[in-house]
Amino acid sequence: MRRGKQDQRQTRTMFGNIFGANLSKVGADGFNSLVRRQMGVQNFTYAYNQMGVVATLRLANAGLTDNLTAWQRFLPSGPIALLPLSDDMSSLVWSTGVAEAKRLLQLDASSFVAAVNAAFHKPMPRNTIVDDVMKSVNALLKQSTGQRLEAAPVVEGEIPTSRAAFPLGLGHTSTYAGQGVCLIGDAAHRVHPLAGQGVNLGFGDVQTLVDILAEANYSGMGISNINDLIRYEQQRLRHNVPVLLTTHGLQQLYTTDFPATVAIRSIGLTLTNAFPPVKKFLMNYAMS
């Protein structure tokens, strides 16, 4: 669910060309945004009491298969995900408790790699009722769609100095726009990484802002008109707020071990993955 490298380069180029002119300030400085504080706007925050451990990892058996799939497993302490970077490398995002995140940061490289592989491949305690339901669902899907479950790749090593951690939370500012200033990305909104939507929301902000200001500049209105910045805000609110609420809902949904809830969420995720039109619709919406 990530934009391609070419899209990212084109977005950065347009961003630089447009904002080299009159707009006095664009806040793209993260969830602790100085620009947002200088605007004096309110910012709602909600802490998840979790940290995200990130690292760049080298995969085993590189070159034998195409590294094109993003992998995610929901553990009792939070989701762990591998996002493809190249044929032999993936980016790790591991959401877990604060104490566990600090422990992971202190591990040596081989112990950390072992912990990542265990998190993806080690069997976890399962509810027998939910397990029986999911076996039936997976068997039915295999018969009707030919799909089968695949295992995540094995990690071979980590790139030195790539490991880090950051606190996880929800955030949203009361406004994206002011006179001659606007906010984009994490400066305007912050989401849990479980759905991988933080970067997509940021690129969407940039694309929308570029389109609106390019149109205003072409028509001779310049790019500091507050009405155009408000139009940018309105367009992005219609997309960003539903994604923020959905992501928060998923985070809450996956922090419970109530059997009925576990069964419903497991079936829902499995069915979504099994039907390409549904999955494609969700992916296209997430990337818009």
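# Exercises on a predicted model

At 3% relative accessibility, Thr247 counts as buried. The structure in which this residue sits is a predicted model, and the exercises below work through parts of it.

## Exercise 1: A buried threonine

Find the element that holds Thr247, and name the residues that Thr247 contacts beyond its neighbours within four places in sequence.

*Solution.* Start with the element: Thr247 belongs to helix H7. Next, take the accessibility of Thr247, which is 3%, and compare it with the limit for burial, which is under 20% relative accessible area; Thr247 is therefore buried. Finally, leave aside the neighbours within four places in sequence, and the contacts of Thr247 are Val191, His192, Leu194 and Ala195.

## Exercise 2: The protein as a whole

How many helices and strands does the protein have, and what percentage of its 288 residues is buried?

*Solution.* Counting the secondary structure gives 9 helices and 10 strands. Turning to burial, 38% of the 288 residues are buried. A further step concerns contacts between residues at least 6 apart in sequence, of which 74% join residues that are at least 24 apart.

## Exercise 3: The largest nonpolar core

Determine which elements supply at least two residues each to the largest nonpolar core, and which of them gives the largest share.

*Solution.* Begin with the core itself, which has 21 residues, and in which Leu57, Ile80, Leu92, Trp94, Phe112 and Val116 have the most contacts. The elements that each supply at least two residues of this core are strand E2 (43-59), strand E3 (71-75), strand E4 (78-84), strand E5 (89-97), helix H3 (98-106) and helix H4 (109-121). The largest share, 6 residues, comes from H4. Now follow one member of the core, Phe112, which touches Val53, Ala55, Leu57, Leu92, Leu104, Leu107, Glu158 and Arg163 when residues up to four places away in sequence are not counted. Apart from this core lies another one, of 17 residues, including Val181, Cys182, Ala188 and Leu213.

## Exercise 4: Salt bridges across and within elements

For the pairs Arg58 and Glu156, Arg103 and Glu100, and Asp228 and Arg231, state where the partners lie and whether each is buried or partly exposed.

*Solution.* A search of the whole structure finds 5 salt bridges, among them the pairs treated here.

- Arg58 and Glu156 meet through their side chains, with N and O 3.3 Å apart. Arg58 lies in strand E2 and Glu156 in strand E6 (residues 155-158), so this pair ties together parts that are 98 residues apart in sequence. Arg58 is partly exposed at 31% relative accessible area, and Glu156 is also partly exposed, at 48%.
- Arg103 and Glu100 have their closest N and O atoms 2.8 Å apart. Both lie in helix H3, and because they are 3 residues apart, about one helical turn separates them. Arg103 is partly exposed at 42% relative accessibility, as is Glu100 at 26%.
- Asp228 and Arg231 form a salt bridge with N and O 3.6 Å apart. Both are in helix H7 (residues 226-253), where 3 residues, or about one turn, lie between their positions. Asp228 is buried at 11% relative accessible area, whereas Arg231 is partly exposed at 27%.

## Exercise 5: Two packed helices

Describe how helix H6 (residues 198-218) and H7 are arranged, using their axes.

*Solution.* Two packed helices are described by the angle between their axes and by the distance between the axes. Here the axes of H6 and H7 come within 9 Å and cross at roughly 160°. Angles over 145 degrees count as roughly antiparallel, and H6 and H7 are therefore roughly antiparallel to each other. The crossing of H6 and H7 is right-handed. As for the residues that meet, the H6 side includes Leu201, Gly204, Asp205 and Leu213, and the H7 side includes Asp228, Arg231, Tyr232 and His239. Asp228 and Arg231, the salt-bridge partners treated above, thus also belong to the H7 side of this contact.

## Exercise 6: Positive phi outside glycine

Where do Asn49 and Thr161 lie, and are they buried or exposed?

*Solution.* Recall that most residues other than glycine have a negative phi. Asn49, which is not a glycine, has a positive phi of about 55°; Asn49 lies in strand E2 and is exposed, with a relative accessible area of 62%. Thr161 is likewise not a glycine and has a positive phi of about 70°. Thr161 is in the loop between E6 and strand E7 (164-173), and with a relative accessible area of 85% it is exposed.

Conventions
Residues are numbered from 1 along each chain as its sequence is written. This is a predicted model: local features need pLDDT of at least 70, side-chain atom pairs count only at pLDDT 80 or more; totals for chains, interfaces and linings use all residues. Side-chain values use heavy atoms; hydrogens and water are left out. A nonpolar core is a set of buried Ala, Val, Leu, Ile, Met, Phe, Trp, Tyr and Cys residues joined through side-chain atoms within 4.5 Å. Buried means under 20% relative accessible area, exposed over 50%, partly exposed in between (1.4 Å probe, protein chains only). Contact means heavy atoms within 4.5 Å. A salt bridge is a side-chain nitrogen of Lys or Arg within 4 Å of a carboxyl oxygen of Asp or Glu. Axes are lines fitted to C-alpha atoms, for helices over the stretch in contact, and angles run from 0 to 180 degrees between N-to-C directions. Angles under 35 degrees count as roughly parallel, over 145 as roughly antiparallel, 65 to 115 as roughly perpendicular and the rest as oblique. A crossing is left-handed if the near helix is turned anticlockwise from the far one by less than a right angle, and right-handed if clockwise.
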